[in-house]
Amino acid sequence: MKRGTERTDVVIVGAGFTGLSAALELKKAGIDFVLLEARDRAGGRVESRQNGLGERIDSGGQFLCEDMPELMALLQARGKTLVETHVEGEFVTQPRMSANQGERIFVASMAIRDRMNTIAPDDPDIAGLTVAAWLERQSDPDEVKAAFRSMIEGLWCQALERMPLWHLIDNDRRITNEVSELQYLVRETMHSLADDLARDLGDRLRLNAAVETIENGPEGVRLVTAAGAIEARSTLVAVPPVMASKLDFVPAAPAALERALGVWQSGAVIKVLVRYPTAFWRARGLSGMVMWRDLPGLFACDVSKDDDHAALVVFIGGPLALRWREFGDAKLRGELTARLQDALGAEAAGIIDLSYRDWTHDRWSGGAYSDLIVDATATDAERIILAGAPPVYFASSELSPSFPGYVEGAIVAGRIAARKIIADVQSAIATSASGS
Ligand SMILES: Cc1cc2nc3c(=O)[nH]c(=O)nc-3n(C[C@H](O)[C@H](O)[C@H](O)COP(=O)(O)OP(=O)(O)OC[C@H]3O[C@@H](n4cnc5c(N)ncnc54)[C@H](O)[C@@H]3O)c2cc1C
């Protein structure tokens, strides 16, 4: 050990919900740790910004439902207020069709999803198949397939042509909510929960501390940032797989691990919050929820917090986000306003604020809700990453046994990884105590 280098038991890399959840566990277990975060804030893909009206809005992860027990419990413990998402009224599908026809198409597209999920992810008949290739083989009407595509590209922010079918099935089976995942939002913002958790960590959390290199030697690990180095018995890399693949491991990570980290790709999403003076769509019998079948990946819903806060969120996901980000600010705003007018009526032009966050190519978390495996042969990638290269471990929402790609998944993933590390560290401490 070099003189003057800080030393701790565990270094966690990344203060998203995975890293924060792991930190909570280590703190409870009385293990010494440091949490290094590249950005100037905690929360990762959960983030808030001020809109043009000076209101703090969730520009990243926002929704949850009662079937997400860990997140629900944390929010309750921190005294946060849940706002029920307004869903009463007609769900508009664009181009416009009757409510009955829209409902019929939605039900039929969900039936495709259910049919897909009856296939075992390791069924040899689907080896190498992408979701797009599988969809092509289905005999459903084109309009139903288009709705399925829009739903999946919107949810996973990735072109169906790139998604291995087994991976989507495997993920979908871990997302077990019975009620809508859009059931609630948090009045104080979801990001305020990350801030609360971060505050409890005091000086164990170091912001603006991007880890560049992880050295692995006989005395443990050494993590190097621009500001210096920290040594530890063990480290948890709590960043999405694409970000983990960018770290410099010395010596190089085992070839299988390097390959497993390299088969992921970030999706693409632009999240838009549109404020109106009133929730005018409700008076017209509309829920505010819109799915554009002609623009797969475009979806809107009501995120009004109360009568004084009428708002819609619009997600631009997948290949559409990559195309629309090229429009530039004025054209993007014009396009969004025109699409909302088509769907909800002329009043949709009466916007009082339109703020958006372009996550595509985000430097520290990738471009969307989650990274996805894009190599159809990489069926063992998750298992290999989860095994890690002790004392270097990996966790992120993507790697969670429940709700991968969600905040709930991040909390679960961080906790599981922390428990593994706690057991290792406690046994190492016991060994060194008995040897001394
Ligand atoms: C626009 C958007 C909307 C979403 N909506 C929802 C939603 O409504 N509900 C829901 O449940 N989920 C939603 N999600 C997904 C959810 O936010 C994520 O799944 C979850 O927050 C991921 O947590 P994580 O800790 O695994 O990863 P991250 O949040 O990505 O955290 C990783 C952290 O590591 C840091 N980092 C990266 N590299 C380094 C490095 N080299 N050194 C130090 N630090 C590093 C990053 O800055 C980041 O803070 C949304 C995501 C986005 C982007």
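**Entry 1: strands β10 and β11**

I began with strand β10 (residues 211-217), which pairs with β11 in the antiparallel sense over six bridges. I note at the outset that the model I am reading is a predicted one. To fix the register of this pairing I looked for a residue couple across it, and found Asn216 standing opposite Val221 in β11. I then followed the chain from β10 into β11 and saw that a hairpin of two residues joins them.

**Entry 2: strands β11 and β12**

Next I turned to the other pairing of β11 that I had looked up, with strand β12 (residues 228-237), and here too I recorded the antiparallel sense, over five bridges. Taking Leu223 as my marker, I found that its bridge partner in β12 is Ile230. Between β11 and β12 I again found a hairpin, with two residues between the strands.

**Entry 3: burial of β11**

How many residues of strand β11 (residues 220-225) are buried? I found that six of the six are, so I wrote this strand down as largely enclosed by the rest of the structure.

**Entry 4: Gln94**

I then moved to Gln94, which I located in strand β7 (residues 90-94). Is Gln94 buried or exposed? Its relative accessibility is 8%, and because buried means under 20%, I entered Gln94 as buried. Leaving aside residues up to four places away in sequence, I listed what Gln94 touches: Val290, Met291, Trp292, Arg293 and Asp294, together with Asp342 and Ala343.

Key: Residues are numbered from 1 along each chain as its sequence is written. This is a predicted model: local features need pLDDT of at least 70, side-chain atom pairs count only at pLDDT 80 or more; totals for chains, interfaces and linings use all residues. Side-chain values use heavy atoms; hydrogens and water are left out. Helices (H or I, at least four residues) and strands (E, at least two) are DSSP runs, numbered from the N terminus. Buried means under 20% relative accessible area, exposed over 50%, partly exposed in between (1.4 Å probe, protein chains only). Contact means heavy atoms within 4.5 Å. Two strands pair if DSSP finds at least two bridges between them.
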